[in-house]
Amino acid sequence: MRKMPLALRAFCLLFTVGAASAHASVPSPLYPGTNVAKLAEQAPIHWVSVAQIENSLQGRPPMAVGFDIDDTVLFSSPGFWRGKETFSPQSEAYLHNPEFWEKMNNGWDAFSIPKEVARTLIAMHVKRGDAIYFVTGRSQTKTETVSKTLQDDFQIPAANMNPVIFAGDQPGQNTKTQWLQDKQIKMFYGDSDNDIRAAREVGARGIRVLRASNSTYRPLPQAGMYGEEVIVNSEY
């Protein structure tokens, strides 16, 4: 067999390398497109609307109902973002800093956005005459303006409103469970897995509110993973 001339072999090698490089540098499609199956795909979970929840309570007497605060009734990421940038930009240590909680519980909720789903839910429960409790994993501070902020934001009458319960955070412990039991809370709304588990541990009806996708609280939870009801369009 005759050998390929050296110059021709060099040319072929250069052509092959160039073609491979050109192929590797091809960018991803700018418009990848989609299809109707992807657009129509829905997670097989128990979706409910506020109207359906209200309908399920017809004929039931007033009761104690509870709400988590952060990412459930308030989009409070602005305050938490500020706290991280101020006290521990490179870590989550700010969540254990009393100075942060003093700021968060005494004014920084002025930057928190009330969620529309919470407005609708709270108005429904107020109309029913239910007692409203807020049970949060925030650390307790000597003073707090969170209760007044929530009462003003959601226009809760004094007869229905109770001071915020600051359950705090203890590793390996669901600090909300005992409070739900003590206050005989029959329904509890929350965005986190701990909220749903706490409700179930005391025999309450736990209902999931979606955490906004731009929340600073990551990772986002898997709503519906316990078979609980999940409120549609509740991310805002």
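**Close-up views of a predicted model**

**View 1. Helix α4 leads the lining of the largest pocket.** Four residues of the lining come from α4, the largest share. The model shown here and in the other views is predicted. Helix α4 spans residues 77-87. Two further helices, α5 (98-105) and α9 (193-201), also supply at least two residues each to this lining. The pocket has a volume of about 930 Å³. Empty space of this kind shows up when a probe the size of a water molecule is rolled over the atoms.

**View 2. The centre of the largest pocket.** Which residues lie nearest the centre of the largest pocket? They are Phe 80, Leu 95, Trp 101, Gly 137 and Tyr 217. In total, 38 residues line the pocket. By class, 15 are polar, 13 are charged and 10 are nonpolar.

**View 3. A seven-strand open sheet.** The strands follow the order β1-β9-β8-β7-β2-β5-β6, and their pairing is parallel. At the edges sit β1 (46-48) and β6 (165-166), each paired on one side only. Strands of a sheet pair through backbone hydrogen bonds, either parallel or antiparallel. In a regular strand, side chains alternate between the two faces of the sheet.

**View 4. Strands β7 and β8 with helix α9.** Together, β7, α9 and β8 make a right-handed β-α-β unit. Four bridges pair β7 with β8 in the parallel sense. One link to find is Phe 188, whose bridge partner in β8 is Gly 206. Helix α9 lies across β7 (185-190) and β8. At what angle does α9 run to β8? The angle is about 165°. Helix α9 also appears in View 1, as a contributor to the pocket lining.

**View 5. From β8 to β9.** Strand β8 covers residues 205-208, and strand β9 covers residues 229-231. How many bridges join these parallel strands? There are two. Ile 207 has Glu 229 as its bridge partner in β9. Arg 208 has Val 230 as its bridge partner in β9.

**View 6. Two backbone features in loops.** Most residues other than glycine have a negative phi, and most peptide bonds are trans. The peptide bond from Arg 218 to Pro 219 is cis, with omega near 0°. Where is Pro 219? Look in the loop between β8 and β9. Gln 155 is not a glycine, yet its phi is positive, at about 50°. Gln 155 lies in the loop between α7 (146-153) and β6. Strand β6 is one of the edge strands of the sheet in View 3.

Conventions. Residues numbered from 1 in each chain as written. Predicted model: local features only at pLDDT ≥ 70, side-chain atom pairs only at ≥ 80, totals over all residues. Heavy atoms only, no water. 1 Å grid on protein atoms, 1.4 Å probe; cavity = no way out; pocket = protein on both sides within 12 Å on 5 of 7 lines; lining within 4 Å. Points joined across faces, edges and corners; volume = space filled by probe spheres on them. Nonpolar A, V, L, I, M, F, W, Y, C, P; charged D, E, K, R; others polar. Pairing = 2+ DSSP bridges. Contact = heavy atoms within 4.5 Å. Axes fitted to C-alpha atoms, helices over the stretch in contact; angles between N-to-C directions. Right-handed = clockwise from strand over helix to strand, strands pointing away.
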